[in-house]
Amino acid sequence: MIRLQLLGLAAAAALLATASAHAEGDKAAGRTLVYTCAGCHGVPGYSNAYPDYPVPKIAGQNEQYIISALNEYKSGDRTYPTMVAQAQSLSDQNIKDIAAYLSSLTPIK
C-alpha cells in the first residue's frame, strides 16, 4: 500500500514537473524578442507626449504580471494602441518568453 502511494506521488511530481517546464518561457528566446520593447520601456526618463505619463520600466517586473498585461493588450482589455498592436503580433509562447527574460533582469531605476 505504501509503495502504491509513493508511486502515485512520484507520478504526480513527474507530471507537475513536466507541466511547469512547458509553462515557462525561454529567456534566450525572450531576449531576442524584446528589442522593440526597449525603444520605449528601456529609455531612462522617457515619457509619452500624449497622453503625458512616464513609460513604465519593465525590466525586473513580475513574470506573471507581464504575461497578464500582454494578454490583456492582445485581447483588447487594455487599450493603449501601440501596445495592442505589439501584443497582437505575439504568440502565447512569445509572451511567455518575453516575460521570462524581462523578469530575470535587474530593474532599471
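Modeller: A helix here is a DSSP run of H or I with at least four residues, a strand is a run of E with at least two, and both are numbered from the N terminus. One more thing before we start: this is a predicted model.

Colleague: Thanks! With that in hand, where is G60 found?

Modeller: G60 belongs to none of the numbered helix runs, because its place is between two of them. The helices on either side are given as 35–41 and 63–75. That puts G60 in the loop between α3 and α4.

Colleague: Does G60 count as buried, exposed or partly exposed, and at what relative accessibility?

Modeller: Buried means under 20% and exposed means over 50%. G60 falls in between, so it counts as partly exposed, at a relative accessibility of 30%.

Colleague: Which residues is G60 in contact with, leaving aside its neighbours within four places in sequence?

Modeller: A contact needs heavy atoms within 4.5 Å. For orientation, the C-alpha atoms of G60 and A99 are 39 residues apart along the chain and separated by 9.4 Å. With sequence neighbours within four places left aside, the contacts of G60 are L102, S103, L105 and P107.

Colleague: K57 has its place in that loop too. How far apart in space are K57 and V43, C-alpha to C-alpha?

Modeller: K57 is partly exposed, because its relative accessibility is 24%. Beyond four places in sequence, K57 is in contact with several residues, including V43, P44 and I108. K57 and V43 are 14 residues apart in sequence, and their C-alpha separation is 8.5 Å.

Colleague: H41 is also in contact with K57. Which backbone oxygen does the H41 side chain reach, and at what distance?

Modeller: H41 sits in helix α3, and it counts as buried because its relative accessibility is 15%. Not counting residues up to four places away, H41 touches V55, P56, K57, I58 and M83. One of these supplies the oxygen: the H41 side chain reaches the backbone oxygen of P56 at 2.6 Å.

Colleague: S47 lies in the α3–α4 loop as well. Which residues does S47 touch, not counting those up to four places away in sequence?

Modeller: S47 is partly exposed because its relative accessible area, 31%, is between the 20% and 50% limits. Setting aside residues up to four places away, S47 touches D52, Y53, P54 and V55.

Colleague: Now the pocket, please. Which residues are closest to the centre of the largest pocket?

Modeller: This pocket has a volume of about 660 Å³ and 29 lining residues. The elements giving two or more residues to the lining are α3, α4, α5 and α6. The residues closest to the centre are H41, I58, L70, Y73 and M83.

Colleague: L70 interests me. Which element supplies the largest share of the largest nonpolar core?

Modeller: In soluble globular proteins, nonpolar side chains tend to be buried together. Here the largest nonpolar core has 15 residues, and L70, I98 and L102 touch the most other members. At least two residues each come from α4, α5 (81–88) and α6 (92–103). The largest share is five residues, from α6.

Colleague: Which residues is I98 in contact with, beyond its neighbours within four places in sequence?

Modeller: I98 is one of the residues that touch the most other members of the largest nonpolar core. With neighbours within four places left aside, its contacts are G30, L33, V34, L70 and L90.

Colleague: And I95, in helix α6: how far is I95 from I66, C-alpha to C-alpha?

Modeller: I95 counts as buried because its relative accessibility is 1%. Residues touched by I95, beyond four places in sequence, are I67, L70, N71, K74 and L90. I95 and I66 are 29 residues apart in sequence, and in space the distance is 8.0 Å.

Colleague: Let's finish with the whole chain. What share of its contacts between residues at least 6 apart in sequence join residues at least 24 apart?

Modeller: The chain has six helices and zero strands. Of its 109 residues, 21% count as buried, and its accessible surface comes to about 7500 Å², with 61% belonging to carbon and sulfur atoms. Among contacts between residues at least 6 apart, the share joining residues at least 24 apart is 61%.

Conventions:
Residues numbered from 1 in each chain as written. Predicted model: local features only at pLDDT ≥ 70, side-chain atom pairs only at ≥ 80, totals over all residues. Heavy atoms only, no water. Buried < 20%, exposed > 50% of the residue type's maximum accessible area, 1.4 Å probe, protein only. Polar contact = N/O pair within 3.5 Å; in protein donor to acceptor, adjacent residues only side chain to side chain. Core = buried A, V, L, I, M, F, W, Y, C linked by side-chain atoms within 4.5 Å. Areas by Shrake-Rupley, 256 points an atom, 1.4 Å probe, with all protein chains shown as cover. 1 Å grid on protein atoms, 1.4 Å probe; cavity = no way out; pocket = protein on both sides within 12 Å on 5 of 7 lines; lining within 4 Å. Points joined across faces, edges and corners; volume = space filled by probe spheres on them.
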